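Reader: I should like to go through the structural labels and see how each follows from its cut-off.

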Amino acid sequence: MNEHEESQGIFSDYKYSRPKYIFRKYKYWIAGGVALLVIAVVFAAVLVYREHKHQKPIIPTNDDVVSLDGILSHLKQFQAIADSNNGNRASGTSGYAASTAYVVSQLQKFGYQPVVQPFSYQTGRLVDAPQFIQYTPEFINFTYGFDYDFMGEFTGVYNITANATSVGFGCTAEDYTNFVSGNIAVVSRGNCSFAEKIVLAQEKNAKAIVIYNQGDAADRSGLFYGDPGNNVSIPVFAAAYRVGLIIQYAPNSVVHLYCNRNVFIINTTNVIAETASGRSDRVIVVGSHLDSVPEGPGINDNGSGSAMNLELARITAIMAPNLINKVRFCWWGGEELGLLGSYFYLNNMNATNPEAIQNISANLNYDMIASPNYYRGVYNGTSDPAGPGSGVIQYLYEDWLLSQDLSYDLTPFDGRSDYGPFLEYKIPAGGLDTGADGIKSPSQRDIYGGIANAIYDPCYHQSCDTYDNLNTEVLYQMAQGAAYVLNNLSTQSDLNAFLSG
């Protein structure tokens, strides 16, 4: 066997031959030499990968190995836990603690020795109802949670009434040419980071900043959430596109903003379990966030990824004697509050044992893989500027989907899930998803079925995200693809060389 061949493993009698694929054309408009070099490296890695095709996957994707019933059994348990704990499994709640206990019990049943990693974080809790009101020229009382929300975890009492001034994107000093010190800055999303907008607003002595969605696409019109960064000294509000339009075109708009939030400490956990076998300097981290939002049980978001992760752990325990590379399964806490668990895991490792980060070869992330109005999403690894590894992972997922004649779309790395911290640490990442609050296009409807111009998961972050909200057909397909990719990576004789091309 050469360095790109797979170990035969316990399923070596399974017959499989991949069709020959016509090399797909990729068109990139690349600005600058550095970007061109990155793409060239990724392209070279892909060519190497295609040259050394894997002719026989280790795990056959059939009911005897990947068990849909097993995944659904876990999901029923997550639903029962939410039903018994105020309807949710949010970090810091009894529902999350019960979810953690269930995952630990299952891992022990599979033969692992799971570790529960505690961490805490400071957040704000509303003391009373917030307010966002336009007084003039027309009285409008905007709705919290629909028209606007807070961005970041600021605490204290803010009671502000001032003129609201639109400053475009709010990315340059020129945008503030007509801004009056002491006003509320109203800026459009886009063109620069949220943190840059906030810092500039503070420099211009804005009392507060309202960042509204930019409205240039169907999924950029409603309410959104983003990371404001760490240098925040004024209230930051996120708003839907229509709110920005109202204020932008209202002459002499006077706005009232009120918020009263207390400091609150939440204690929560990650769950970590790894195989006893496999190289400890070639670790594959398979992650999914375990927490829901407080508004609902989170059975698709992200009970689906967490349940599939348990099924992958069960399968991997069976084939453990044949592993070449160690597999570490992780269930993250606090994802819905800003990827807190995955950030804590890596930052704590970097502070206490930085060499261990160098031993992580790849991260596979699974978040929302059973959306009812789904598309099949593969994270676009060729967009990772850190190197070719994420692109190689992407092509593994693509090869399995193509072998099953399943269509897919590429999902951008937009930092909304727990692969984000791994990419920041220059660790190759990849994964699958089936859509969240984005809008299904007519062309996607033609490919996948479902409803065009509707969001992929109509129950996203709502109380109706229950067991009945799942599409089990696409869930099973995602689980099969995930099993295939994990086996390819875990049985590579030289994983790092494979990922680097």
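Author: The exchange below takes the labels in turn, each with its criterion.

Author: This is a predicted model, in which local features need pLDDT of at least 70 and side-chain atom pairs count only at pLDDT 80 or more, while totals for chains, interfaces and linings use all residues. Residues are numbered from 1 along each chain as its sequence is written, and side-chain values use heavy atoms, with hydrogens and water left out.

Reader: How many helices and strands are there in the protein chain, and what makes a run count as a helix or a strand?

Author: The protein chain has 13 helices and 15 strands. Each is a DSSP run, numbered from the N terminus: H or I of at least four residues for a helix, E of at least two for a strand.

Reader: Why is Asn86 called exposed?

Author: Exposed means over 50% relative accessible area, buried under 20%, and partly exposed in between (1.4 Å probe, protein chains only). Asn86 has a relative accessible area of 73%, so it is exposed. Asn191 counts as exposed as well, because its relative accessibility is 66%. Ser166, in strand S5 (residues 156-166), has 29% and is therefore partly exposed. Of the 501 residues of the protein chain, 55% count as buried.

Reader: What is notable about the phi of Asn86 and of Asn191?

Author: Most residues other than glycine have a negative phi, and most peptide bonds are trans. Asn86 is not a glycine, yet its phi is positive, about 60 degrees; the residue lies in the loop between helix H2 (68-83) and helix H3 (94-109). Asn191 has a positive phi near 75 degrees and lies in the loop between strand S6 (184-188) and helix H4 (194-203). As for peptide bonds, the one joining Thr136 and Pro137 is cis, with omega about 5 degrees. The bond from Asp301 to Asn302 is also cis, with omega near 0 degrees, and Asn302 lies in helix H6 (residues 299-318).

Reader: Which residues does Ser166 touch, not counting residues up to four places away in sequence?

Author: Ser166 touches Val186 and Gln248 on that count, where contact means heavy atoms within 4.5 Å. The C-alpha atoms of Ser166 and Val186 are separated by 4.6 Å, although the two are 20 residues apart along the chain.

Reader: How do you know that the buried residues of H7 line one face of the helix?

Author: The buried residues of H7 are Gly341, Ser342, Tyr345, Leu346 and Met349. Seen down the axis of H7, they fall within an arc of 130 degrees, so they line one face; the arc is that of the directions from the helix axis to the C-beta atoms. An α-helix has 3.6 residues a turn, so residues three or four places apart point the same way.

Reader: What makes a space a cavity, and how many of 30 Å³ or more does the structure hold?

Author: On a 1 Å grid over the protein atoms alone, a cavity is a set of points where a 1.4 Å probe fits but cannot get out, and lining residues have an atom within 4 Å of a point. The structure holds 1 cavity of 30 Å³ or more. The largest cavity has about 30 Å³ of space, a volume being the space filled by probe spheres set on grid points joined across faces, edges and corners. Its lining consists of Val293, Gly296, Gly298, Asp301, Cys459, His461, Gln462 and Asp465.

Key:
1 Å grid on protein atoms, 1.4 Å probe; cavity = no way out; pocket = protein on both sides within 12 Å on 5 of 7 lines; lining within 4 Å.
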